[in-house]
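Subject: A structure for you to explore

Hi there,

Here is the structure I promised to pass on to you. Please open it next to this email and follow along as you read.

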Amino acid sequence: MKLGFNKYFVAFFAAIQLFTAVPFAVKVAAQSQIQQFDDRVMISLAAHRTPEQTGVMLFLSNTSKYVNVGVPVALLAGGIISNDKQMRQNSAYVASSTAISVGVMLLLKHLIKRPRPFVQNINIVPVYMAGGTSFPSGHTSTAFSTAMSLSNAYPKWYVIAPSFLWAGSVGYSRMYLGVHYPTDVAAGAALGTGTALLLQPVKRW
């Protein structure tokens, strides 16, 4: 199992290199077709906001930090109360997937330093002024990491469907609120999903 787990980490760090290299091309080609697409989507979303939708999107965005912590804590508590070793392992799997996703996301943000949409383009009006850098979306990466790891741990449709519906809604909310480009969200989704897939051996420890 140890050799197999090492192979997962080799693949994981290779993926990190890919995530580091590709966005640099996006950053250099600031007015590329990808950037123009990003800008068009953001401007369109901002132009069609309503107070009711904005309230929902703020709520969905804020659920990320609570769900990401609450899911592994609930699994751990359930595993302790019921003396269920597998549930405790699932808790460690979900928590470690999200934690590593956060670490890689912060590294990429530090390396790439892509400006927030409203900083790079004054025509993009955000709902609020988020700090830090834009690529990849942290909310999206952790949401998809939680969704993917929970779905792997409990591969039932009634777990998978709501998990990814929630994660996708979090990603969309970040664009709607004007704080992340579509490519930021797509990269965050790929990062979170990939981290959870690569850490599957944790379930069997």
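**What I found**

The crossing of helix 4 and helix 6 is right-handed, and so-called right-handedness also describes the crossing of helix 4 and helix 8. Before we go into those two pairs, please keep in mind that this is a predicted model.

**The overall picture**

Let's start with the whole chain. The secondary structure consists of eight helices and zero strands. If you walk along from the N terminus, the elements read α-α-α-α-α-α-α-α. The protein chain has 205 residues, and 47% of them count as buried. Its accessible surface is about 10300 Å², with 72% of that belonging to carbon and sulfur atoms. Take the contacts between residues with a separation of 6 or more: 81% of these come from residues 24 or more positions apart.

**Helix 4 and helix 6**

Now find helix 4 and helix 6 (residues 138–153), whose axes are 9 Å apart and pack at an angle of about 155°. An angle over 145° counts as roughly antiparallel, and the two helices are therefore roughly antiparallel to each other. On the helix 4 side, the residues that meet helix 6 include Asn90, Tyr93, Val94, Ser97 and Thr98. On the helix 6 side, Gly138, Ser141, Thr142 and Ser145 are among the residues in this contact. What kinds of residues make up the contact of helix 4 with helix 6? They divide into six nonpolar, 11 polar and one charged.

**Helix 4 and helix 8**

Next, turn to helix 4 (residues 85–112) and helix 8 (residues 182–198), whose axes come within 9 Å and cross at roughly 135°. That angle makes helix 4 oblique to helix 8. In helix 4, the residues taking part are Tyr93, Ser97, Ile100, Ser101, Val104, Met105 and Leu108. Their partners in helix 8 are Leu191, Gly192, Thr195, Ala196 and Leu197. This contact divides into eight nonpolar residues, four polar and no charged.

**Three buried residues**

Here are three single residues that are worth clicking on. Is Ser145 buried or exposed? Ser145, which sits in helix 6, has a relative accessibility of 0% and so counts as buried. Leaving out residues up to four places away in sequence, Ser145 touches Ser97, Thr98, Ser101, Gly192, Thr193 and Ala196.

The second one is Ser61, in helix 3 (residues 51–81). Ser61 is buried too, with a relative accessible area of 3%. Which residues does Ser61 touch, not counting those up to four places away in sequence? The answer is His139, Ser173, Arg174 and Leu177.

The third is Val159, which you will find in helix 7 (residues 157–176). Val159 has a relative accessible area of 15%, so it counts as buried, the cut-off being under 20%. Apart from neighbours within four places in sequence, Val159 is in contact with Leu150, Ser151 and Tyr154. You can also look at Val159 together with Ala147: they are 12 residues apart along the chain, and their C-alpha atoms are separated by 8.7 Å.

**Some details of the backbone**

To finish, a look at the loops. Most residues other than glycine have a negative phi, and most peptide bonds are trans. With that in mind, where is there a cis peptide bond? It joins Phe135 and Pro136, with omega at about -5°. Pro136 lies in the loop between helix 5 (117–120) and helix 6.

Two residues have a positive phi although neither is a glycine: Asn83, at about 55°, and Lys113, near 55°. Asn83 is in the loop between helix 3 and helix 4, while Lys113 is in the loop between helix 4 and helix 5. Asn83 has a relative accessibility of 61% and so counts as exposed. Lys113, at 44%, counts as partly exposed.

Enjoy looking around, and write back whenever you like.

Best wishes

How values were computed: Residues numbered from 1 in each chain as written. Predicted model: local features only at pLDDT ≥ 70, side-chain atom pairs only at ≥ 80, totals over all residues. Heavy atoms only, no water. Axes fitted to C-alpha atoms, helices over the stretch in contact; angles between N-to-C directions. Helix = DSSP H or I, 4+ residues; strand = E, 2+ residues; numbered from the N terminus. Parallel < 35°, antiparallel > 145°, perpendicular 65-115°, else oblique. Left-handed = near helix turned anticlockwise from the far one by under 90°. Contact = heavy atoms within 4.5 Å. Nonpolar A, V, L, I, M, F, W, Y, C, P; charged D, E, K, R; others polar. Buried < 20%, exposed > 50% of the residue type's maximum accessible area, 1.4 Å probe, protein only. Areas by Shrake-Rupley, 256 points an atom, 1.4 Å probe, with all protein chains shown as cover.
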